[in-house]
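This briefing covers the fold, core and surface of one protein chain. Please read it alongside the sequence and coordinates.

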Amino acid sequence: MSTTMHSFAPPTPPHRAFVFAYHPSHGLLLLLSTKPSRPYQVPGGRVDSSDYPASSALGAAAYLAAGAERGAEREVMEETGLDVRGRLAPMRMLFDPDAQ
């Protein structure tokens, strides 16, 4: 059985990833915002091109999900100092490029 390798380019415009982090004792993790109209926000931001795998044996949706997960992990580390690599629950893609 052969595996087909695909090479994808990061999407344009860039995707964004956000994390809804919940702790059983402490509740939802929210960040204080500098915008008075939105005093709180969830960690997240732009998924960088370096967050995507170099190549993938999976389809476009899996490639985008892998980039979003890495981007979300990186954003949480940048914004909170918390290392959540490998600890995020499965994500739901809001847009599936493979859908017809």
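A contact means heavy atoms within 4.5 Å. This is a predicted model, in which local features need pLDDT of at least 70, side-chain atom pairs count only at pLDDT 80 or more, and totals for chains, interfaces and linings use all residues. Residues are numbered from 1 along each chain as its sequence is written, and side-chain values use heavy atoms, with hydrogens and water left out.

**Fold**
- The protein chain has one helix and six strands, taken as DSSP runs numbered from the N terminus (helices: H or I, at least four residues; strands: E, at least two).
- From the N terminus on, the order is β-β-β-β-β-β-α.
- Among contacts between residues at least 6 apart in sequence, 59% join residues at least 24 apart.

**Core**
- Of the 100 residues, 28% count as buried (under 20% relative accessible area; exposed is over 50%, partly exposed in between; 1.4 Å probe, protein chains only).
- The largest nonpolar core (buried Ala, Val, Leu, Ile, Met, Phe, Trp, Tyr and Cys residues joined through side-chain atoms within 4.5 Å) has 11 residues, including Ala 17, Val 47, Val 76 and Val 84.
- Helix 1 (residues 60–80) gives the most to this core, with five residues.
- Val 84 touches Glu 73 and Val 76, not counting residues up to four places away in sequence.

**Surface**
- The accessible surface (Shrake-Rupley method, 1.4 Å probe; for residues, only the protein chains shown count as cover) comes to about 7300 Å², of which 57% belongs to carbon and sulfur atoms.
- Phe 18 lies in strand 1 (residues 16–18) and counts as partly exposed because its relative accessibility is 42%.
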